[in-house]
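Here are my notebook entries from an afternoon with this one. Have the structure open beside you and follow along.

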Amino acid sequence: WRCSKCRNKFSITSLSWLKGMKIPFRHLWCLIWCWQHKININQAKDLTGISLVTVRRYYDLFRDNLKLDNEDIILKDKVQMDEMFVRGGFVIGGKDIRTKKIRLKVFKEKAPNKHHAIDLLFETVKPGSVLCTDGGSIYKGCDKWWPVDHKCDIHSRFEFSITSEIESVWANLRTFIRRMYHHVTLDKLPQIVREFEARFCHQELFDNPLVFLENSLSPVTLAL
């Protein structure tokens, strides 16, 4: 179309993140479906006939245009916290055992300190909750900083019962990265972790391509 006043050309994608899209809409729909169902990039390439570079670029676009209110998610009742180490950094996170929602945060530092755990506790855990951690020193005395009932497993004594679910989150995250993206750099890890977090907390966005498009193209956040 052309603007009736200035006569400049525009299309239905001109004012969205789809601006400049050069693939057919049916391929876009298929790529969104593949991404939602965790189809790895090589399989998506073979299914759509699109180059691997293009598949990676659109997977990045889908991830970057997730409109979420993750910051408003508060973990409560019984919460498990732990950390996962990667080359050049670590991820620290918590999981609400009742709702199964998670909050994760990536740090580009060699090792976690107490302030990393305390900051995440302040931001994500509701006062009065039961907090379950391992026996790491970064969690020691956290109940003096924030009103929680702190319980801990001592892994050296083969105690894993109260932190088993957050430990499984790390296994799922590693498997998710390996199967879908094969590998990821530390610089891109925060975006990948954000996508992984969304798959736990906003599963409705991954039901079908239409739901995702309605959320990502809306001027306001629809995910609750």
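**Entry 1, cysteines.** I started with C142, which is buried at a relative accessible area of 2%. A reminder to myself before going further: this is a predicted model. I then asked for the neighbour of C152, and the nearest cysteine sulfur turned out to be that of C142, 9.0 Å away. Because a disulfide needs the two sulfur atoms within 2.5 Å, C152 is in no disulfide. My count of disulfides therefore comes to 0 under the 2.5 Å cut-off. Looked at from the other end, C142 is in no disulfide either, with the sulfur of C152 as its nearest. I also checked the surroundings of C152, and at 38% relative accessibility C152 is partly exposed.

**Entry 2, aromatic pairs.** Next I searched the whole structure for aromatic pairs and found 15. I picked W17 and F62, whose ring centres are 6.0 Å apart with 80° between the planes, an edge-to-face pair. Where do W17 and F62 lie? I found W17 in the segment before α1 (25-36) and F62 in helix α3 (residues 52-64), so this pair ties together parts that are 45 residues apart in sequence. I noted both W17 and F62 as buried.

W17 has another partner, F212: I read 6.2 Å between the ring centres and 65° between the planes, so this pair is edge-to-face. F212 sits in helix α8 (residues 209-216), so its pairing with W17 ties together parts that are 195 residues apart in sequence. For burial I wrote down 15% relative accessibility for W17 and 0% for F212. Both count as buried because the cut-off is under 20%.

**Entry 3, the cluster.** I wanted to know which residues join W17 in one aromatic cluster. The list I got has W17, W35, Y58, Y59, F62, F176, Y181, F196, F200, F206 and F212. So F62 and F212, the partners from my last entry, belong to that cluster along with W17. W35 is in the list too, and I looked at what lies over the face of its ring. I found R199 there, at 5.4 Å from the ring centre.

**Entry 4, a helix pair.** Last, I looked at how α1 packs with helix α2 (residues 41-48). Their axes come within 10 Å and cross at roughly 155°. Angles over 145° count as roughly antiparallel, so that is how I logged α1 relative to α2. Which hand does the crossing have, left or right? I have α1 passing α2 in a right-handed crossing.

Key: Residues numbered from 1 in each chain as written. Predicted model: local features only at pLDDT ≥ 70, side-chain atom pairs only at ≥ 80, totals over all residues. Heavy atoms only, no water. Buried < 20%, exposed > 50% of the residue type's maximum accessible area, 1.4 Å probe, protein only. Phe/Tyr/Trp six-rings, centres within 6.5 Å; stacked < 30°, edge-to-face > 60°. Helix = DSSP H or I, 4+ residues; strand = E, 2+ residues; numbered from the N terminus. Lys NZ or Arg CZ within 6 Å of the ring centre and 35° of its normal. Axes fitted to C-alpha atoms, helices over the stretch in contact; angles between N-to-C directions. Parallel < 35°, antiparallel > 145°, perpendicular 65-115°, else oblique. Left-handed = near helix turned anticlockwise from the far one by under 90°.
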